[in-house]
Amino acid sequence: MAFISEDSIREKADEATIKFLDLWEELSNSVLGTSLPVCIKDLKKNPLYKHITYEFSTAIPDPVEKPVSLAIWTSHYPHLSNVLITHEIGHWILVLKGFKTIREGRLDRVKNALIRSMIDHPVIYSLQRKYGHDPLEWVDRRAIDSIHYVQKQAVPWPHGINLMALYLADDVFNCSKRVSKRILRLSRRYHPKLHEK
Ligand SMILES: [Zn+2]
């Protein structure tokens, strides 16, 4: 399967992304005793994710290829921004640093993933800022995309109303004040149940 190797990522990467790749290499060597090179793969080529029709990226160690790599599966393939690369590596830097998250047995995989993202994201955004990436523009763009799901006539959110609330809360916590006000105004108007106490 065609994919973008870490060597190719490094050729086009900015300084912050190189620092993230170095940090990931150092951490995986010290915690796992081996380095897991990062690669980028096309989401459409993965049977688990190929049904996804909206923009989506996730990173997961890929034990099939040798050597084992940290594969970033993305619907943006092959044009993934540096900010999204450091974001996805950031989730796994937190795992190797022992950052605690919540896993609720009664909830399904998608709900648990959204809760984990909501807990991880503020830490990842501050790590990105520390290494020279400003994720705000990317977070705002993600938040503006999700506004389409809030509006009445938009494409129905694929995972139901509760998951939409989790996804939107993640954006509202982290995007700019201007965009969060817009999301809250629209969601109060079209989905008042989300705001009931
Ligand atoms: Zn994330």
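In this predicted model, Ser 5 lies in the segment that precedes helix H1 (6-12). Ser 5 is classed as partly exposed because 13 C-beta neighbours fall inside 10 Å, a count between the limits of 12 or fewer for exposed residues and 20 or more for buried ones. The C-alpha atom of Ser 5 is separated by 36 Å from that of Ala 165, a residue 160 positions away along the chain.

The interior was examined next. The largest nonpolar core comprises 18 residues, and those with the most contacts inside this core are Val 38, Ala 59, Leu 70, Ala 71, Ile 72 and Ile 89. Two or more core residues are contributed by each of helix H2 (15-32), strand S1 (38-42), strand S3 (69-74) and helix H3 (82-96). Helix H3 supplies the largest share, with five residues. In soluble globular proteins, nonpolar side chains tend to be buried together. When residues up to four places away in sequence are left aside, Ile 89 is in contact with Phe 20, Trp 24, Val 38 and Ala 59.

A cis peptide bond links Tyr 77 to Pro 78, with an omega angle of about 5°. Pro 78 is located in the loop that runs between strand S3 and helix H3, two of the elements that give residues to the core.

With regard to confidence, the mean pLDDT of the protein is 87, and 91% of the residues score at least 70. Confidence is highest in helix H2, at 97, and lowest in helix H6 (residues 161-174), where the mean is 81.

Definitions and conventions. Residues are numbered from 1 along each chain as its sequence is written. This is a predicted model: local features need pLDDT of at least 70, side-chain atom pairs count only at pLDDT 80 or more; totals for chains, interfaces and linings use all residues. Helices (H or I, at least four residues) and strands (E, at least two) are DSSP runs, numbered from the N terminus. A nonpolar core is a set of buried Ala, Val, Leu, Ile, Met, Phe, Trp, Tyr and Cys residues joined through C-beta atoms within 7 Å. Two residues are in contact if their C-beta atoms, placed from the backbone, lie within 7 Å. pLDDT is the predictor's confidence in each residue, from 0 to 100.
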